[in-house]
Amino acid sequence: MQANNDSAILVTRSSMPPLEEYVKEIEPLWETHWLTNEGPIHQLLESKLERYLSVQHAELFVNGHSALEAAIEALDVHGEAITTPFSFASTTHALVRKGLDPVFCDIKPDDFTMDPEKIEALITPRTSVIVPVHVYGNMCDVDAIQQIADKHGLKVIYDAAHAFGVRYHDKGVASYGDASMLSFHATKVFNTIEGGCVCFSDTSLQPILKKIRNFGITGPESVESVDGNFKMNEFCAAMGVCNLRHVDDEIEKRKHVAERYCDLLSGVRGLRLGVHYGEGSQESVTPNYAYMPVIFDDKQFGASRDDVFYALAQSNIYTRKYFYPLISDYACYSERFDSSLTPVAQWAADHVLCLPIYADLALEDVDRICGIIQDIPSHK
Ligand code: T4K
């Protein structure tokens with residue numbers, strides 16, 4: 001792979017199959033003219049994903065966010081939902097848009113997922129569901145969370161948008177909880193351009209999710225509920241079928257990129273790497289190398305996270321502050337919530353920077369990025 005000296009390096013780059021492979025996949029559409037409404041490629045992708053993800057059921061949606069809203073609706077949860085402020089807007093928005101009141105639980109400092117030790121204190125008679133996020137593909141403490149849910153009769157819906165292909169004790173990440181949402185957005189390890197799915201084991205959820213996905217229609221002359229349109233089209237499904245053939249290779253390539261970052265940055269004072277790379281790896285978890293989070297301790301490193309962000313940007317390297325600001329600090333929520341009640345999340349929002357990572361990122365580019373980072377304190 002050629003090093004990328006002149007053009008910008010972005011935080012990620014969509015994986016795409018060879019053009020001829022995609023053309024071959026969509027060619028039959030010019031014969032059938034069947035472009036959407038749960039067509040044959042949609043069905044093929046669902047069954048391939050169920051196998052790949054080791055889940056009983058995977059129902060496709062037009063994007064991850066609508067899949068999450070559908071899971072919330074299908075599981076018929078109400079009142080309060082315990083969730084995390086350290087996530088993308090989608091997680092909390094889905095709850096609020098479905099009429100639930102979010103209650104923010106703090107996260108663990110090592111892997112940024114919901115801290116199970118802080119959940120029980122937040123449970124009230126109105127709590128019906130826990131909605132944790134496998135942030136950066138780091139696996140939540142699914143065993144502890146399930147124990148709490150069982151004890152209090154709560155449902156668990158995982159936002160697994162970042163966790164495609166992650167496995168725990170050789171079980172697919174999306175097989176935990178009552179349901180898990182995966183995102184197949186262009187920026188994810190596996191993409192269908194836009195897309196997502198709900199994974200679950202309880203077969204009775206299947207007709208409900210299908211109904212939510214397609215206007216509440218249950219038969220040629222039967223409409224049972226007031227729902228919308230969240231169906232994935234055949235072109236997106238075909239992208240998924242092609243990308244699925246290559247996803248293991250893509251993850252392997254991401255692993256080499258992550259390992260190069262680890263080799264170059266692990267000894268640097270005041271800088272800590274995301275948990276699933278190198279030291280402190282999550283036990284029994286097979287990672288997907290979706291993101292490359294690095295935590296900067298201003299005092300020890302000699303420069304802040306934002307200094308690093310700007311220094312890299314000056315060299316045409318564009319990192320992202322996932323997740324700053326915290327959801328509880330968004331203009332649409334800040335009057336309702338107090339972010340100082342989740343101090344670990346508040347700290348993480350100010351100190352984590354996600355470095356570029358994607359399958360075809362040249363190792364020479366990783367060397368250059370790490371070189372710039374190491375030089376920053378001496379230039380301050
Ligand atoms: N829950 C969580 C925890 C999530 O992170 C997300 C989505 C969801 C739920 C909802 O799932 P979806 O409904 O989206 O399926 C991006 C994505 O738009 C968003 O999907 C994702 N999370 C979030 C973490 O990241 P931005 O604002 O960072 O995207 P953007 O456009 O700046 O893209 C980032 C980089 O990706 C670009 O610099 C270049 C590259 N890129 C981007 C696009 C759009 C490509 O290579 N190709 C592309 O087509 O939000």
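These legends walk through several close-up views of one predicted model. Because it is predicted, local features need pLDDT of at least 70 and side-chain atom pairs count only at pLDDT 80 or more, while totals for chains, interfaces and linings use all residues. Residues are numbered from 1 along each chain as its sequence is written, and side-chain values use heavy atoms, with hydrogens and water left out.

**View 1. E38 and R213 pair up across the chain.**
Side chains of opposite charge can pair when their charged atoms come close. Here a salt bridge means a side-chain nitrogen of Lys or Arg within 4 Å of a carboxyl oxygen of Asp or Glu, and the structure holds 22 of them. In the one between E38 and R213, the closest N and O atoms are 3.0 Å apart. This pair ties together distant parts of the chain, 175 residues apart: E38 sits in the loop between α2 (29–32) and α3 (40–53), and R213 in helix α7 (residues 205–213). (Helices are DSSP runs of H or I with at least four residues, strands are runs of E with at least two, and both are numbered from the N terminus.) R213 is buried at 1% relative accessible area, whereas E38 is partly exposed at 23%. For those words, buried is under 20%, exposed is over 50%, and partly exposed is in between (1.4 Å probe, protein chains only). Zoom out a bit and you'll find E38, E46, E59, K210 and R213 linked in a network of salt bridges.

**View 2. K108 meets D111 in a salt bridge.**
The N to O distance in this pair is 3.1 Å. Both partners are tucked away: K108 is buried at 17% relative accessible area, and D111 is buried at 2%.

**View 3. D170 has a positive phi and a salt bridge partner.**
D170 is not a glycine, yet its phi is positive, about 65 degrees. You'll find D170 in the loop between β6 (167–168) and β7 (171–172), and it is exposed, at 61% relative accessibility. Its side chain meets that of R167 in a salt bridge (3.5 Å, N to O).

**View 4. F215, I217 and V223 make a nonpolar surface patch.**
This patch covers about 260 Å². Patch residues have over 30% relative accessible area and no salt bridge; like charges are joined within 9 Å, and nonpolar side chains (Val, Leu, Ile, Met, Phe, Trp, Tyr) within 5 Å. The areas come from the Shrake-Rupley method with a 1.4 Å probe, and for residues only the protein chains shown count as cover. F215 lies in the loop between α7 and β10 (217–219) and is partly exposed, at 35% relative accessibility.

**View 5. Two cis peptide bonds turn up around F323 and P325.**
One cis bond joins Y322 and F323, with omega about 5 degrees. The other joins Y324 and P325, with omega about -5 degrees. Both F323 and P325 belong to the loop between α10 and α11.

**View 6. C140 and C236 stay unbonded.**
A disulfide is a covalent bond between the sulfur atoms of two cysteines. The cut-off is a pair of cysteine sulfur atoms within 2.5 Å, and the whole structure has zero disulfides. The sulfur of C140 is 10 Å from the closest cysteine sulfur, in C105, so that's too far for a bond. For C236, the closest is in C242, 12 Å away, again too far.
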